Amino acid sequence: MPTRGPAKPAQPRYAWLRERILKDIASGKYAVGSLLPPEKQLAETYGVSRHTVREATRKLADSGQISRQPGRGTVVCSTTEPRPYVAGLGTAQDLVAYTAATRLEVLGSRHLVADAALAEALGCEEGSRWLEVEAFRHALEGGPPISFTRVYLRPEFADIVMRLRGRHMSIYSMLEQHHAQKIDAVRQRIEATLMPAAAARLLGVPARSPALHMRRSYLDRQGRVLALSANLYAAERFRLETYWSGQHGAPATPGANQRGP
């Protein structure tokens, strides 16, 4: 008699439940825009523990198919599993292409004066005035927001906020075209972090889940910061890729603004 190979490990219960809920979302049982049933009801419906429900819905929230909204409940956002947005930001040309393929959705703004901590974070003068803008960053083709973003603008560039509508041009381009500000350099810093609770609530992902913090400063010829964006990317919605050519040693990013592999 033929011998059997080693048995495949059973699928984790939360992974099974995640797939079942996905199928029910796709079939229309849980329509986009509607509320997902409460945790207790889901546990009873699918015959699993509430811990299993929490793990399954956490994975669904991470990928952007559901969103936990305080005071409302868990909202169904998408019938299909979105792939992470893939960006290549190795050169200034990549940055222009990336900002042209995404848009900002303004949530609110406020004027502030940079104290010592903010001045250090922005790389600006202590006591300088700024307009802080909170926004989501979306891919143009739609889907859940890929980042929670804070943009800092000098007061003389405040009208840029009114231009952040629809398929708008990048802040980089607005500074040059509408304010005749020549961008001499872009300083970019990327670091792994944990998603702060406030940003997590807005993005509908778990607090302290893995995130990527990307900060970009736009500088003039004198090294003065004209604007800055601080982006917190949800780990499962964004991927940064850069390809370095061994022949020339220069970064290249083929397919930088495409979704998924």
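## The S8–S9 hairpin

Strands S8 and S9 make a hairpin in which five residues separate the two strands. Gly223 lies in the turn and has a positive phi of about 85 degrees. The model described here is predicted. S8 covers residues 210–219, and S9 covers residues 225–234.

The two arms of the hairpin pair in the antiparallel sense over nine bridges. Within this ladder, Met214 has Asn231 of S9 as its bridge partner, and Ser217 stands opposite Leu228 in S9.

## The sheet around S9

The hairpin belongs to an open sheet of six strands with antiparallel pairing, in the order S4-S5-S6-S9-S8-S7. Its edges are strand S4 (102–113) and strand S7 (185–194), each of which pairs on one side only. From one strand to the next, the twist averages 15 degrees. Strands of a sheet pair through backbone hydrogen bonds, in either the parallel or the antiparallel sense.

In the strand order, S9 stands between S6 and S8. Strand S6 (residues 147–153) pairs with S9 in the antiparallel sense over seven bridges; in this pairing Arg150 stands opposite Ala230 in S9. How many residues of S9 are buried? The count is 10 of the 10, so the strand is largely enclosed by the rest of the structure. In a regular strand the side chains alternate between the two faces of the sheet.

Helix H7 (residues 171–179) lies across S4, S6, S7, S8 and S9. Relative to S9, H7 runs at about 165 degrees.

## Aromatic pairs

The model has two aromatic pairs. One of them joins Tyr172 and Tyr218 in an edge-to-face arrangement, with 5.9 Å centre to centre and 80 degrees between the planes. This pair links distant parts of the chain: Tyr172 is in H7 and Tyr218 in S8, 46 residues apart. Both Tyr172 and Tyr218 are buried. H7 also has S8 among the strands that it lies across.

Tyr233 and Phe238 form a stacked pair, at 3.9 Å centre to centre and with 20 degrees between the planes. Tyr233 is buried, with a relative accessible area of 0%. Phe238 is buried too, with a relative accessible area of 7%. Both count as buried because their values are under the 20% cut-off.

## Helix H2 and its surroundings

Helix H2 (residues 39–46) has Leu42, Ala43 and Tyr46 as its buried residues. These residues lie on the same side of H2, because they cover an arc of only 100 degrees around the axis. An α-helix has 3.6 residues a turn, so residues three or four places apart point the same way. Lys40 and Glu44 are exposed on the other side of H2.

What do the buried residues of H2 pack against? They pack against helix H1 (13–27) and helix H3 (50–62). Just after H2, Gly47 takes a positive phi of about 65 degrees.

## A charge over a ring

H1 spans residues 13–27. Arg13 lies over the face of Trp16, with a distance of 4.5 Å from the ring centre.

Terms used: Residues numbered from 1 in each chain as written. Predicted model: local features only at pLDDT ≥ 70, side-chain atom pairs only at ≥ 80, totals over all residues. Heavy atoms only, no water. Phe/Tyr/Trp six-rings, centres within 6.5 Å; stacked < 30°, edge-to-face > 60°. Helix = DSSP H or I, 4+ residues; strand = E, 2+ residues; numbered from the N terminus. Buried < 20%, exposed > 50% of the residue type's maximum accessible area, 1.4 Å probe, protein only. Lys NZ or Arg CZ within 6 Å of the ring centre and 35° of its normal. Pairing = 2+ DSSP bridges. Axes fitted to C-alpha atoms, helices over the stretch in contact; angles between N-to-C directions. Contact = heavy atoms within 4.5 Å. Arc of directions from axis to C-beta.
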